[in-house]
Amino acid sequence: MFRDTPAFGSFSVDDTDRAREFYERTLGLRVSQTGGTGGLLTLHLAGDRNVLVYPKADHTPAAFTVLNFPVDDVDRAVEELTARGVRFARYPGMPQDEKGIMRDNGPTIAWFTDPAGNIMSVIEQ
């Protein structure tokens, strides 16, 4: 039924203007906004994939990873994002190194959050 439907993902934030600045300036994504200040954001990802980011007054951050960014070198991505002010999450019981990178327990991965607290990652392709 939906085989040829161009589905898309979405998640909420508490402040789309602050989120837009993070996605554009910190992550370097192309972002468009509809509805003016405080309106809906569209994150334009590689491969003509879009993710809708919408404002929600009673936003609660997702307790799971909402976006994974595949990279060739997780160490380099973590260093670049750290230099841009991103702080990497540490999770109890997860075998992460001093940078917050988990290795040798599935794919090499490191988690961080957007300004609204939604979880994202850089993950080795």
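Colleague: What makes Phe22, Phe69, Leu81, Arg84, Phe112 and Met120 contacts of Leu27?

Modeller: In this predicted model, contact requires heavy atoms within 4.5 Å, and Leu27 is in contact with Phe22, Phe69, Leu81, Arg84, Phe112 and Met120 once its neighbours within four places in sequence are left aside.

Colleague: Which residues touch the most other members of the largest nonpolar core?

Modeller: That core has 27 residues, and Phe11, Tyr23, Leu27, Leu43, Phe112 and Val122 touch the most other members. At least two residues each are supplied by β1, α1, β3, β4, β5 (65–71), α2 (74–83), β7 (109–113) and β8 (119–124), while the largest share, four residues, comes from α2. Apart from this core lies another, of six residues, among them Ala89, Met102, Ile109 and Ile119.

Colleague: How do you know that β2 and β3 pair?

Modeller: Pairing asks for at least two bridges between two strands, and β2 and β3 (residues 40–45) have five, in the antiparallel sense, so the criterion is met. Thr34 stands opposite Leu40 in β3.

Colleague: Why is one side of β1 and of β2 left without a neighbour in the sheet?

Modeller: The open sheet of four strands has the order β1-β4-β3-β2, with mixed pairing; β1 (9–13) and β2 (30–34) stand at its edges and each has a single partner strand, so one side of each has no neighbour there. Neighbouring strands are turned by 25 degrees against each other on average, direction ignored.

Colleague: Which strands does helix α1 lie across?

Modeller: Helix α1 (residues 16–26) lies across β1, β2, β3 and β4 (49–55), and runs at about 160 degrees to β2.

Key:
Residues numbered from 1 in each chain as written. Predicted model: local features only at pLDDT ≥ 70, side-chain atom pairs only at ≥ 80, totals over all residues. Heavy atoms only, no water. Axes fitted to C-alpha atoms, helices over the stretch in contact; angles between N-to-C directions. Core = buried A, V, L, I, M, F, W, Y, C linked by side-chain atoms within 4.5 Å. Buried < 20%, exposed > 50% of the residue type's maximum accessible area, 1.4 Å probe, protein only.
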